[in-house]
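Trainee: I am new to this structure and would like a close look at a single part of it. Could you take me through that part slowly, in one connected answer?

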Amino acid sequence: AAYLAAGWTSPLTLTYGAKASPPAGYTGRAAVLPSYADCHAWADGTEGPKNIALWTQPGIVGIDVDAYDGKQGGETLRLLIAALGPLPPTYLSTSRGDGMSGIRAYRVPAGVEFVQGLSGIDIIQPSHRYMVVWPSIHPNGATYQWVDERTGAVMDGVPNVDDIPWLPDAYVDHLTRRGEAAAKMDASTEELRAVADAAHAKGAAVIAACDLLALTLVTPPGE
């Protein structure tokens, strides 16, 4: 109930002390949103205590950094910060106390697909995995906690989705194909006018879609 009240649309139960076995059909691209009744039925079942997971609803990602047992997530994150600038402090779900390992939650534009394959970093998103969160128990026996990176304090509760900071545009562009697509779509007013003129010469019409600010810069084709 606490996660639903904080704006998380898909809190799920897992096997106690494990990261596996969420309810079937509630994760991945075709995930179904659980109802309030579903969540309470899972939590109040007769199987005993459960772990809690969050399917990352559209508009939320988790940057999962592994910086332990020789994993290079910390170094990868440092390289990203050096290249793209600082990340805003956010809420970190972690069962480790090293200050680096764990899942950092960020808001992002809905519908963008993030890359995978970074050394020691996995990006949790609607199509990929889920976040294991407080008050779950890690397989190693440690308790998951939410840490507010703004203060470094362990939270006594659940972060509100509306309070999660936005992932900077430089990271969204670098970690998705949005930047590449935007570069391919870039065109000056003169280039668009030439396309329109060529279409008109053949008796065709041109439809141009743009935002309101672009209308102050682009000459409409006239249709």
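Mentor: Let us begin with one pair of side chains in this predicted model, namely R29 and E113, which meet in a salt bridge with 3.0 Å from N to O. The two residues belong to distant parts of the chain, since R29 sits in the loop between β1 (11–15) and α2 (36–43), while E113 sits in the loop between β5 and β6, 84 residues apart. R29 counts as exposed because its relative accessibility is 66%, whereas E113, at 37% relative accessibility, counts as partly exposed.

From the loop that holds E113 we can turn to β5 itself, where R104 forms a salt bridge with E149, the closest N and O atoms being 2.9 Å apart. R104 lies in strand β5 and E149 in the loop between β8 (145–148) and β9, so this pair ties together parts that are 45 residues apart in sequence. R104 has a relative accessible area of 6% and is therefore buried, the limit for that word being under 20%, while E149, with a relative accessible area of 26%, is partly exposed. The buried state of R104 fits its strand, because 5 of the 6 residues of β5 are buried, so that β5 is largely enclosed by the rest of the structure.

Beside E149 in the sequence is R150, whose side chain meets that of D148 in a salt bridge of 2.8 Å, N to O. Here R150 counts as exposed at 55% relative accessibility, but D148 is buried, with a relative accessible area of 10%. Elsewhere, salt bridges that share partners join D64, D122 and R129 into one network, and the structure holds 8 salt bridges in total.

The strands named so far can now be placed in their sheet, which is open and is formed by 6 strands in the order β6-β3-β5-β4-β8-β9, with antiparallel pairing. At the edges stand β6 (121–124) and β9 (153–154), each with a single partner strand, so one side of each is left without a neighbour in the sheet. Strand β5 has β3 on one side and β4 on the other in that order; it pairs with β3 in the antiparallel sense over 6 bridges, and I60 has R107 in β5 as its bridge partner. On the side of β4, 2 bridges join β4 to β5, again antiparallel, and L92 stands opposite R104 in β5, the same R104 that forms the salt bridge with E149.

Moving outward from β5 through β3, we find that strand β3 (residues 60–65) is joined to β6 by 4 bridges and that the two run antiparallel, with V65 standing opposite I121 in β6. Helix α3 (residues 73–84) packs on the sheet in this region, touching β3, β5 (102–107) and β6, and its direction makes about 75 degrees with that of β6.

Lastly, there is a pocket to consider, the second largest, in which about 330 Å³ of space lies. It is lined by 19 residues, of which K19, D64, I103, R129 and Y144 are the closest to its centre, and two of these, D64 and R129, also belong to the salt-bridge network described above. The strands β4 (91–94), β5 and β6 each supply at least two residues of the lining, so that β5, where we found the buried R104, also takes part in the lining of this pocket.

Technical notes. Residues numbered from 1 in each chain as written. Predicted model: local features only at pLDDT ≥ 70, side-chain atom pairs only at ≥ 80, totals over all residues. Heavy atoms only, no water. Pairing = 2+ DSSP bridges. Contact = heavy atoms within 4.5 Å. Axes fitted to C-alpha atoms, helices over the stretch in contact; angles between N-to-C directions. Salt bridge = Lys/Arg side-chain N within 4 Å of Asp/Glu carboxyl O. Buried < 20%, exposed > 50% of the residue type's maximum accessible area, 1.4 Å probe, protein only. 1 Å grid on protein atoms, 1.4 Å probe; cavity = no way out; pocket = protein on both sides within 12 Å on 5 of 7 lines; lining within 4 Å. Points joined across faces, edges and corners; volume = space filled by probe spheres on them.
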